[in-house]
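Please take a moment with the sequence and the model below before reading on. The paragraphs that follow lead from one part of the chain to the next.

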Amino acid sequence: MKAYLLPSIKLTIILIVITAGIYPLAIAGVGKLTPGHGDGETVIYKGRVVGYANEGQKFTKDQYFWSRPSAVDYNAAGSGGSNKGPSNPDYLKQVNDRITDFMKHNPGVTRSQIPAELVTASGSGLDPDLSPAGAQVQVARVAKVRGLSADAVSKLVDAHTEKPLFGVFGPAKVNVLKLNVTLDELKPL
């Protein structure tokens, strides 16, 4: 038994040093090299922090682009999905209610034009981005409420569209918070 006990204790101590010491310090060091230096990328408007770029925010007013719905009401402390499947009647009712609400606020948009991301919550419940199509389908509403041309708002969406990494990795996306802050800088209401 002594032949196994001492090597086991040594191995345990070595793994504790690696997994509880060296690895977390290495990850913290890499985090310091990122935007926000590991504390998150803050978005500032009129000299104050209005949110984090990588955390979904709730926008429901017509003058703003709406974010993807959240199953946790945008609560970062309780991040998670609804865990309801596509055959769940409660979930289907919730999605249909979101479609009806979206169409009420976006006249002229048909059911088939609404991207799924605008009526279904993400796995984390905190998705900060939309696809360019998810933003473009809202352009007419935002432009009308703000008194801007649809072309100008569409160009703003295009300017905020982040392309896939190296043109291959990941989808094109639009950060909703950054887009809405730019709208407020352009024409606050």
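The buried residues of helix α4 are covered by several parts of the chain, including α2 (89-105), α3 (132-136), α5 and α6 (176-186). This is a predicted model, and in it the residues of α4 that are buried are V139, R141, V142, A143 and R146. An α-helix has 3.6 residues a turn, so residues three or four places apart point the same way. Just after α4 comes G147, whose phi is positive, near 70 degrees.

One of the elements that cover α4 is α5, and the packing of these two helices can be described in some detail. Two packed helices are described by the angle between their axes and the distance between the axes. Helix α4 spans residues 139-146 and helix α5 spans residues 150-159, and they pack at an angle of about 125 degrees with their axes 9 Å apart. Angles under 35 degrees count as roughly parallel, over 145 as roughly antiparallel and 65 to 115 as roughly perpendicular, with the rest called oblique, and α4 and α5 are therefore oblique to each other. The crossing in which α4 passes α5 is right-handed. On the side of α4, the residues that make the contact are V139, V142 and A143, while α5 contributes A150, V153, S154 and V157. Sorted by class, this contact of α4 with α5 has six nonpolar residues and one polar residue, and no charged ones.

From the helices the reader can turn to the sheet, in which three strands are arranged in the order β3-β5-β4, with antiparallel pairing, to form an open sheet. The edges are taken by β3 (129-130) and β4 (161-162), each of which has a single partner strand, so one side of each is left without a neighbour in the sheet. Strand β5 covers residues 173-175, and two bridges join β4 to β5, the two strands running antiparallel. Within this pairing, T161 has V174 in β5 as its bridge partner. Helix α6 packs on the sheet, where it touches β3 and β5, and the direction of α6 makes about 55 degrees with that of β5.

The loop between β4 and β5 holds two residues that deserve a look. One of them is K163, which lies in this loop and is exposed, with a relative accessible area of 62%. Although K163 and K173 are ten residues apart along the chain, their C-alpha atoms are separated by 6.8 Å. The other is F166, also placed in the loop between β4 and β5, and exposed with a relative accessible area of 70%. Most residues other than glycine have a negative phi, and most peptide bonds are trans. F166, a residue other than glycine, nevertheless has a positive phi, near 60 degrees.

Earlier in the chain is another pair of strands, β1 (residues 42-45) and β2 (residues 48-52), which pair in the antiparallel sense over four bridges. Together β1 and β2 form a hairpin with two residues between them, and K46 in the turn has a positive phi of about 50 degrees. Across the pair, Y45 stands opposite R48 in β2, and I44 stands opposite V49 in β2. Which residues of β1 point to one face and are buried, and which point to the other? The side chains alternate along the strand, with V43 and Y45 pointing to one face and buried, whereas T42 and I44 point to the other and are not buried.

The loop between β2 and α2 is the last stop, and Y74 has its place there. Y74 is not a glycine, yet its phi is positive, at about 60 degrees. Is Y74 buried or exposed? Buried means under 20% relative accessible area, and at 16% relative accessibility Y74 counts as buried. N83 is also placed in the loop between β2 and α2, but N83 is exposed, with a relative accessible area of 79%. In sequence N83 and G123 are 40 residues apart, while in space they are 8.4 Å apart from C-alpha to C-alpha.

Terms used:
Residues are numbered from 1 along each chain as its sequence is written. This is a predicted model: local features need pLDDT of at least 70, side-chain atom pairs count only at pLDDT 80 or more; totals for chains, interfaces and linings use all residues. Side-chain values use heavy atoms; hydrogens and water are left out. Axes are lines fitted to C-alpha atoms, for helices over the stretch in contact, and angles run from 0 to 180 degrees between N-to-C directions. A crossing is left-handed if the near helix is turned anticlockwise from the far one by less than a right angle, and right-handed if clockwise. Contact means heavy atoms within 4.5 Å. Ala, Val, Leu, Ile, Met, Phe, Trp, Tyr, Cys and Pro count as nonpolar, Asp, Glu, Lys and Arg as charged, and the others, Gly among them, as polar. Two strands pair if DSSP finds at least two bridges between them. Buried means under 20% relative accessible area, exposed over 50%, partly exposed in between (1.4 Å probe, protein chains only).
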